[in-house]
Structure formats: C-alpha cells, structure tokens
Amino acid sequence: MTNTTNGSISAQLAALPSLPMADLWALWDQHFPRRPSHRNRHYVESRLAYRIQEKAYGALPTNIRKMLVEAGAKHSKIKSSVGRSTQTLLIPGTTLIREWDERQHRVTVTPDGLYELNGQVFKSLSAAARHITGTRWNGPKFFGLRGGRGDAQ
C-alpha cells in the first residue's frame, strides 16, 4: 500500500462524522445492498468505516476474527450465569424487534449488557417486555429467543 492510499482512506474515515446524513446514506448505498433497519448515525458511521477499510485492505483473516471474538467474550461485561441459555447472551449492538399492539418495538443491547428501548434502559429483556406490554413476560420468550407464544417476527 502506498501512503497516498493510506492517506485517502484516512481522509475518508476522518470525514464521516462531519458528513450530513444524506451523504452518509449515499455512501452506504455505494457499499451495501440494502439499508439497515435501525438508522442510528453512530452505527451507520462505524459500519461505513469498517467497510471502507475492508475494501481497501481486505477482510480480517479467520484466525484473527476468531481470536477477537474469544477476547471479546473473555473480557465482556456481559457474563454468563448458571441456568442462562447461550441464546440469551447477546452481543452489544444487537437489536431485537418485536411487534406488539400494532407497533414495532426495537430493543438494543448496550455495551454494558443492558437493554435500551426508546432511550430508556432496562436491566433485563423481561423488564423491557413488561414495559411494552404492561404485564409480566419471560423476555427471551417475548422476543422470540426461546420457543413459546412470544415468537418475534
């Protein structure tokens, strides 16, 4: 790689935070086949930054990707507990979508392992489900992570 290429990539990455959303979406359309379901600016910028670097320098080798996943699991603030299914251990940034009462609800896993819904943070999926429905629910079941009547779309 030449310094010109590195400088060009660096300049593209540095420009992302100052671009208007319309320009970010135009750039997104150049790099991805469809737009994401959630339209958080930080998410769009980070995915574009990764994709620009991936196209310029190539994807991470499989062994490095595996090492990073293992390191993330080892150092994550989200710890597995006895009796918890691995299905309910979600990676930060994961968004769960559930339609309830003719409305779509999006719950996003925070970096601390909490659950954000419309700017409000909940300690568990069950608390988020209770907030949505007004009744007690098993959160993983409500969001379709476990079998049962609460299967998500």
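Colleague: Hi! Starting with helix H4, how many of its 14 residues are buried?
Modeller: The count is 0, so H4 is hardly covered, going by the rule that buried means under 20% relative accessible area. Keep in mind that this is a predicted model.

Colleague: Good to know. Where does H4 sit, and what is its reach from first C-alpha to last?
Modeller: Helix H4 takes in residues 62-75 and reaches 20 Å from its first C-alpha to its last. That is close to the 20 Å expected at 1.5 Å a residue.

Colleague: Which side chains in H4 meet in a salt bridge?
Modeller: Lysine 66 and glutamate 70 do, at 3.9 Å from N to O. The two are 4 residues apart in helix H4, which means that about one helical turn separates them. Lysine 66 counts as exposed at 53% relative accessibility, while glutamate 70 is partly exposed at 46%.

Colleague: And what is the salt-bridge count overall?
Modeller: The count comes to 4 salt bridges. One of them joins arginine 51 to glutamate 54, with the closest N and O atoms 2.8 Å apart. Both belong to helix H3 (residues 41-57), and being 3 residues apart they are separated by about one helical turn. Arginine 51 counts as partly exposed, with 23% relative accessibility.

Colleague: Which partner does arginine 35 have?
Modeller: Arginine 35 forms a salt bridge with aspartate 29, and their closest N and O atoms are 2.7 Å apart. Arginine 35 has a relative accessible area of 37%, so it is partly exposed. Aspartate 29 is partly exposed too, at 42%.

Colleague: Let me switch to histidines. Is histidine 31 buried or exposed?
Modeller: Histidine 31 is buried, with a relative accessible area of 16%. You will find it in helix H2 (residues 21-31).

Colleague: What does histidine 31 touch, leaving out residues up to four places away in sequence?
Modeller: Histidine 31 touches Leu48, Arg51, Ile52 and Lys55. Arg51 is also the residue that pairs with glutamate 54.

Colleague: How about histidine 105, buried or exposed?
Modeller: Histidine 105 is buried, at 7% relative accessibility. Its place is in strand S2.

Colleague: Which residues is histidine 105 in contact with, aside from neighbours within four places in sequence?
Modeller: Those are Leu96, Ile97, Arg98, Trp100, Leu117 and Ile132. As for asparagine 118, it lies 13 residues from histidine 105 in sequence, and their C-alpha atoms are 8.4 Å apart.

Colleague: Arg98 caught my eye in that list. Which strand is arginine 98 in?
Modeller: Arginine 98 is in strand S1, which covers residues 95-100.

Colleague: What is the nearest side chain of opposite charge to arginine 98?
Modeller: That is glutamate 99, at 7.6 Å. A salt bridge needs a side-chain nitrogen within 4 Å of a carboxyl oxygen, so arginine 98 has none, although it is buried.

Colleague: Then what does the side chain of arginine 98 reach at 2.7 Å?
Modeller: It is the backbone oxygen of phenylalanine 142 that the arginine 98 side chain reaches at that distance.

Colleague: Moving just past S1, what is the phi of aspartate 101?
Modeller: Aspartate 101 has a positive phi of about 55°, although it is not a glycine. The residue sits in the loop between S1 and strand S2 (103-109), and it is exposed, with a relative accessible area of 67%.

Colleague: And the phi of glutamate 102? What is it near?
Modeller: Phi of glutamate 102 is near 60°, again a positive value in a residue other than glycine. Glutamate 102 is found in the loop between S1 and S2 and counts as exposed at 77% relative accessibility.

Colleague: Last topic, the whole chain. How many helices and strands are there?
Modeller: The protein chain has 6 helices and 4 strands. Along the sequence they follow the pattern α-α-α-α-β-β-β-β-α-α.

Colleague: What share of the 153 residues counts as buried?
Modeller: For the protein chain that share is 28%. The chain exposes about 10,200 Å², and carbon and sulfur atoms supply 53% of it.

Colleague: And what share of contacts joins residues at least 24 apart?
Modeller: Among contacts between residues at least 6 apart in sequence, 34% do.

Key. Residues are numbered from 1 along each chain as its sequence is written. This is a predicted model: local features need pLDDT of at least 70, side-chain atom pairs count only at pLDDT 80 or more; totals for chains, interfaces and linings use all residues. Side-chain values use heavy atoms; hydrogens and water are left out. The expected span of a helix is 1.5 Å times one less than its number of residues. Buried means under 20% relative accessible area, exposed over 50%, partly exposed in between (1.4 Å probe, protein chains only). Lys and Arg count as positive and Asp and Glu as negative; His and the chain ends are not counted. A polar contact is a pair of N or O atoms within 3.5 Å; within protein, one must be able to donate a hydrogen and the other to accept it, and residues adjacent in sequence count only if both atoms are side-chain atoms. Contact means heavy atoms within 4.5 Å. Accessible areas come from the Shrake-Rupley method with a 1.4 Å probe; for residues, only the protein chains shown count as cover.
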